[in-house]
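Reader: I have a new model on my screen and would like to learn how to read it. Could you walk me through it, feature by feature?

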Amino acid sequence: MANRPGCSAEAMQDTESHSLRGAIDAGALHDFRTEFERLEPLASGALDDPLSPGELRLQLEDGIGEASTATITVRWSVKDDYNVHYSDGAGRNLHWDVHPHDYTVPAGDAHYHPPPNASSEDDDVEASCISVTELVLVARAVHQLWRAGYDSGTVDPLNDAINPP
């Protein structure tokens, strides 16, 4: 899982009932960063470790609504499982995931943990509106959803698109 404030990725894997399959794909993180930065002038990305990256952190110069800062943290595995986690200065967290899980809903691997706290409670997890699986298309979908939230000033539209991008 991506880092949540006060939680390491390792601690989250220990406390959650699901995780990404396979090792982190460093090339995928580079490609995600390239595409997201190409689309979004407010974003700049960096890997947590250039030699053995575990995640990509995209810093945004502004957040959604009252948030003055935001970060999108991406983990992508060699099995094409992923976790894309948005957090901001207003204390909101959410993420779009594709990986095995034991939630009641949804039936497939794609799911969404809504704001404000990206809860992993079974009743809170929803189906993700992102149905594309190609890395560049997922980056575009995340950008489109983030931009919709940014332009509207609310996190409400972050899982409301129909098959973005």
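Author: Gladly! Let's begin with one arginine: R21 is partly exposed, because its relative accessible area of 38% falls between the 20% limit for buried and the 50% limit for exposed. Please keep in mind that this is a predicted model.

Reader: Thanks. Which residues pair with R21 in salt bridges?

Author: The general idea comes first: side chains of opposite charge can pair when their charged atoms come close. Here, R21 forms a salt bridge with D81, with 2.7 Å between the closest N and O atoms. That pair ties together distant parts of the chain, since R21 sits in the loop between α1 (9–15) and α2 (26–39) and D81 in the loop between β3 (70–76) and β4 (82–88), 60 residues apart. R21 also meets D109 in a salt bridge, at 3.4 Å from N to O. This second pair links distant parts of the chain too: D109 is in the loop between β5 (93–98) and β6 (110–113), 88 residues from R21.

Reader: Are D81 and D109 buried or exposed?

Author: D81 is buried, at 1% relative accessible area, whereas D109 is partly exposed, at 30%. Salt bridges with shared partners join R21, D81 and D109 into one network.

Reader: How many salt bridges are there in the whole structure?

Author: A search of the whole structure gives nine. Another one to look at joins R92 and D88, whose closest N and O atoms are 2.7 Å apart. Both of these residues are buried.

Reader: Let me step back to the overall layout. What is the order of helices and strands along the chain?

Author: Start by counting the elements: the chain has three helices and seven strands. Along the sequence they follow the pattern α-α-β-β-β-β-β-β-β-α. Of the 165 residues in the chain, 46% are buried.

Reader: And how should I read the nonpolar core?

Author: In soluble globular proteins, nonpolar side chains tend to be buried together. In this model, the largest nonpolar core has 34 residues, and F32, I72, W96, I130 and V142 have the most contacts inside it. The elements giving two or more residues to this core are α2, β1 (43–47), β2 (56–60), β3, β4, β5 and α3.

Reader: Which element gives the most to this core?

Author: That is α3, with seven residues.

Reader: Now for the surface. Which residues form the negative patch?

Author: For a patch like this, look for like charges grouped on the surface. Here, D102, E121, D122, D123, D124, E126, D156 and D160 form a negative surface patch. Take D160 as one of its members: D160 lies in the segment after α3 (135–152). D160 counts as exposed because its relative accessible area of 57% is over the 50% cut-off.

Reader: One last residue, please. Where is S120?

Author: S120 lies in the loop between β6 and β7 (126–127). With 26% relative accessibility, S120 is partly exposed. For a distance to try on your screen, go from S120 to Y103: the two are 17 residues apart in sequence, and their C-alpha atoms are 8.7 Å apart in space.

Technical notes
Residues numbered from 1 in each chain as written. Predicted model: local features only at pLDDT ≥ 70, side-chain atom pairs only at ≥ 80, totals over all residues. Heavy atoms only, no water. Patch = residues over 30% accessible without salt bridge, like charges linked within 9 Å, V, L, I, M, F, W, Y side chains within 5 Å. Areas by Shrake-Rupley, 256 points an atom, 1.4 Å probe, with all protein chains shown as cover. Salt bridge = Lys/Arg side-chain N within 4 Å of Asp/Glu carboxyl O. Lys, Arg positive; Asp, Glu negative; His and termini not counted. Charge placed at Lys NZ, Arg CZ, Asp CG, Glu CD. Helix = DSSP H or I, 4+ residues; strand = E, 2+ residues; numbered from the N terminus. Buried < 20%, exposed > 50% of the residue type's maximum accessible area, 1.4 Å probe, protein only. Core = buried A, V, L, I, M, F, W, Y, C linked by side-chain atoms within 4.5 Å.
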